[in-house]
Amino acid sequence: MKKIISVVGARPNFMKVAPLHRAFRPYKDKIQHLICHTGQHYDEKMSKIFFDDLELPRPDFYLGVGSGSHAQQTGKIMIEFEKVLLEEKPDLIIVVGDVNSTIACSLTASKLQIPTAHVEAGLRSFDRTMPEEINRILTDSISEYLFVTEKSGLTNLKNEGVPESKVYFTGNVMIDSLVHFLPKTNGTNVMSKFDAAPGNYVLVTLHRPSNVDHREQLSSLIDLLNSIGAMRRVIFPIHPRTSKNMEKFGLKNRLNSNVLLTEPIGYLDFLTLIKNAELILTDSGGIQEESTYLGIQCVTVRKTTERPVTVEIGTNHLVGDNYKNAEQVSKEILSGKKKAGKIPEKWDGKAAGRICEIIASSLL
Ligand code: UD1
């Protein structure tokens, strides 16, 4: 029997590991697939609700590390994960995405000579001020299996000298979750809860440090939301980082009444809100991909994207960190100037199956 431990830590990890867990089921007599939750995200609405919505079992290991500075968080995860690895002696660990849990666990495994598979490898924003970019580069450089979601990832890894034998273009596991759970979105009551009419509201998510950690930026973003709010109802589920900063900078009362501020939202409800939105304004990585798959217009308030396919062939508009530009592009879209999009190659709901097949044929 082979043993694999998949790592989850932060909100965007859960929907990537859920399809992998399902795809390992047919191998259950030969491969034991376990889940370790680092506890990087710990609020019920940032974590537990996703386990429920995504039908994930309780994690086999919970490290409970919580928040902290980058060094504290990364260090604590490493110390706790090392204990799990020494006890369990897995044959492989799987990490997903680019959060601190991703690098912390891959680095711990690598020092113990346990091979790592990185799912969502090769993405690059080429902006090393983003903590995620450092996490991506380092994780890729110590992983044995690199599973890539879009072709830019293949080029990036080639340019970095990664041997082709380690790299597999398998598609996007987050889209696997979307495809699997889309039929279930019809059963949620989130639209009526927020009094939202399909195709007639703007969905907003903002949590990048570069947008929300400084008073001036956050204040200009609020002006932007108020201006969009004058045209359409805005629904803004707020990330704890953004919420805490709005409190700290005394900005919470500045949002006008057409901007509906809500707590973070679970997976099925959020998918329902994405699917029915007229426009999404975001700085998230994953939402750029989900909106491209669903053909929903997305304005990304960042200077760079590590997911260029969403701009090149999808419905994503990368508008930079000039919020005036974001306002103009948003208003054009709301006046009907929409971009037609296509679904990227291998975003077909079958990525996890391809990954499991590759891993199984190599381990067994
Ligand atoms: C992390 C990831 C980011 C990802 C995001 C998705 C890193 C470096 N960043 O950013 O790539 O896009 O998750 O959400 O890994 N907090 C809570 N409750 C929680 C979690 C966080 O209150 O359950 C608050 C804490 O004050 C914490 C802050 O949010 O200090 C930031 O959390 P952290 O995990 O450090 O980073 P995120 O901004 O969530």
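How many bridges join strand β6 to β7? In this predicted model, the count is three, and the two strands run parallel. If you would like a landmark while you look, find Phe147, which stands opposite Tyr168 in β7.

From there, let us step back to the whole sheet. It is open and has seven strands, paired in parallel in the order β3-β2-β1-β4-β5-β6-β7. At the edges sit β3 (61–62) and β7 (167–169), each of which pairs on one side only. Now look for helix α4, residues 100–111, which lies across β1 (2–8), β4 (92–96) and β5 (116–121). Relative to β4, helix α4 runs at about 160°.

Next comes the nonpolar interior. The largest nonpolar core holds 40 residues, and the members touching the most others are Leu54, Ile94, Tyr267 and Ile359. The biggest contribution to this core is made by helix α16 (residues 351–363), with eight residues. Both domain 1 (2–172 + 347–363) and domain 2 (183–334) supply at least three residues each to this core. In general, nonpolar side chains in soluble globular proteins tend to be buried together.

Leu54 is a good place to zoom in. Leaving aside residues up to four places away in sequence, Leu54 touches Phe14, Met15, Ala18, Ser177, Phe181 and Tyr267. A second core, separate from the one above, has 28 residues, including Val212, Leu221, Phe236 and Met246.

Finally, follow Leu54's partners Phe14, Met15 and Ala18 to helix α1, residues 11–24. This helix is mostly covered, with eleven of its 14 residues buried. Among them are Phe14, Met15 and Ala18, along with Asn13, Lys16 and His21.

Terms used. Residues numbered from 1 in each chain as written. Predicted model: local features only at pLDDT ≥ 70, side-chain atom pairs only at ≥ 80, totals over all residues. Heavy atoms only, no water. Core = buried A, V, L, I, M, F, W, Y, C linked by side-chain atoms within 4.5 Å. Buried < 20%, exposed > 50% of the residue type's maximum accessible area, 1.4 Å probe, protein only. Helix = DSSP H or I, 4+ residues; strand = E, 2+ residues; numbered from the N terminus. Domains from an automatic or database assignment. Contact = heavy atoms within 4.5 Å. Pairing = 2+ DSSP bridges. Axes fitted to C-alpha atoms, helices over the stretch in contact; angles between N-to-C directions.
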